[in-house]
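Reader: Before I plan anything at the bench, could you take me through this model and its ligand, one question at a time?

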Amino acid sequence: MTEEVEWWEYDDATELAEAVAGDVQFVIESALDARGGAVIALAGGKTPAPIYAKLAAAKLDWKRVTIVPGDERIVPLGDPLSNVTMIAKTFLPKGARVMPIVPTATPDYKAAGRSADALLQDLHWPLDLCLLGMGENGHTASIFHGPDYDEALSGPRERRALGVMPEPLPEEAPVPRVTLSRQGIVTAKALTIVITGAKKREVLEQALTAGESSPYPIGRVLAGAEQPVDIHWMA
Ligand code: 6PG
């Protein structure tokens, strides 16, 4: 069951970006203080770009920070749809270790998922933080309806990532994906969601109410949350 949810609302994009970047910075600093390293997963999509720009301006020992995308479209590195390429543009110049989870765009999406899982198995785990976005259809990371839905939600506990074929393929990026599993997401020490617009808010509220019986992937994912979830929202 979702532990506890806190909504944070903003009037403008700068305020939202500053607040979320500040929270992520705090998590990274705490992990650096505690063990000299931090591992975080960042969302792809368009919403978080201003947050990443603010976060990258933070004074941090970036070389001890590992960043992975929470999900990836199976496309070559450098492709406009590649989440890690977007993240790397902002954080590589700071010296962070930005790790692709799909270093090679293989046509076998299940094999891509297995290699991503193997890469993530080498990281300090659980994640210090997982930042999530959400689509208007209620998907989060790349947990979509389709043949891999049950595996993403209820696969082996140790599995951190898997390959998925969304059904239908999402219009904004109609390609198979690799995604963190629900287990990989909900075990993160901090879980932060950033969404904008009335429609997404309505979907997320319904998803939270229905929980494990929600038709929306995010409802199912958050039903397994093991710690409070922060939701940042702007109209
Ligand atoms: C992706 C994502 C995805 C994203 C939502 C929202 O790679 O598609 O990580 O889960 O967060 O689709 O995307 P927007 O922020 O672009 O609306």
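**The ligand and its surroundings**

Author: This is a predicted model, and a good place to begin is the shell around the ligand, whose residues divide into two nonpolar, eight polar and five charged.

Reader: How many residues surround the ligand, and which are the closest?

Author: A residue is counted here if one of its heavy atoms lies within 4 Å of the ligand. By that cut-off 15 residues surround the ligand, and the closest of these are K46, T47, D71, N83 and A141.

Reader: What is the distance from an oxygen atom of the ligand to an N or O atom in the side chain of T47?

Author: Polar contacts are pairs of N or O atoms within 3.5 Å, and the ligand has several to consider. An oxygen atom of the ligand lies 3.1 Å from a polar backbone atom of G44, and an oxygen atom of the ligand lies 2.7 Å from a polar backbone atom of A141. For the side chain of T47, the distance from a ligand oxygen to an N or O atom is 2.5 Å.

Reader: How much of the area that the ligand exposes when taken alone does the protein bury?

Author: The space taken by the ligand is the largest pocket. Taken alone, the ligand exposes 420 Å², and of that area the protein buries 89%.

**Backbone and aromatic details**

Reader: Where is A141 found, and what is its phi near?

Author: A141, which is among the residues closest to the ligand, is found in the loop between β6 and α5 (149-154). Most residues other than glycine have a negative phi. A141 is not glycine, yet its phi is positive, near 45°.

Reader: Which residues are joined by a cis peptide bond with omega of about 0°?

Author: Most peptide bonds are trans. One cis bond joins W125 and P126, with omega of about 5°, and P126 is found in the loop between α4 (109-121) and β6 (129-132). P168 lies in the loop between β7 (161-164) and β8 (177-180), and the cis bond with omega of about 0° joins E167 and P168.

Reader: How many residues apart in sequence are the parts that the pair of W62 and F91 ties together?

Author: The count comes to two aromatic pairs, and one of them is the tilted pair of W62 and F91, at 5.4 Å centre to centre with 45° between the planes. Because W62 lies in the loop between α2 (49-56) and β3 (65-69) while F91 lies in helix α3 (residues 83-91), the pair ties together parts whose separation in sequence is 29 residues.

Terms used
Residues numbered from 1 in each chain as written. Predicted model: local features only at pLDDT ≥ 70, side-chain atom pairs only at ≥ 80, totals over all residues. Heavy atoms only, no water. Polar contact = N/O pair within 3.5 Å; in protein donor to acceptor, adjacent residues only side chain to side chain. Areas by Shrake-Rupley, 256 points an atom, 1.4 Å probe, with all protein chains shown as cover. 1 Å grid on protein atoms, 1.4 Å probe; cavity = no way out; pocket = protein on both sides within 12 Å on 5 of 7 lines; lining within 4 Å. Sits in = over half its atoms within 2 Å of the grid points. Nonpolar A, V, L, I, M, F, W, Y, C, P; charged D, E, K, R; others polar. Phe/Tyr/Trp six-rings, centres within 6.5 Å; stacked < 30°, edge-to-face > 60°. Helix = DSSP H or I, 4+ residues; strand = E, 2+ residues; numbered from the N terminus.
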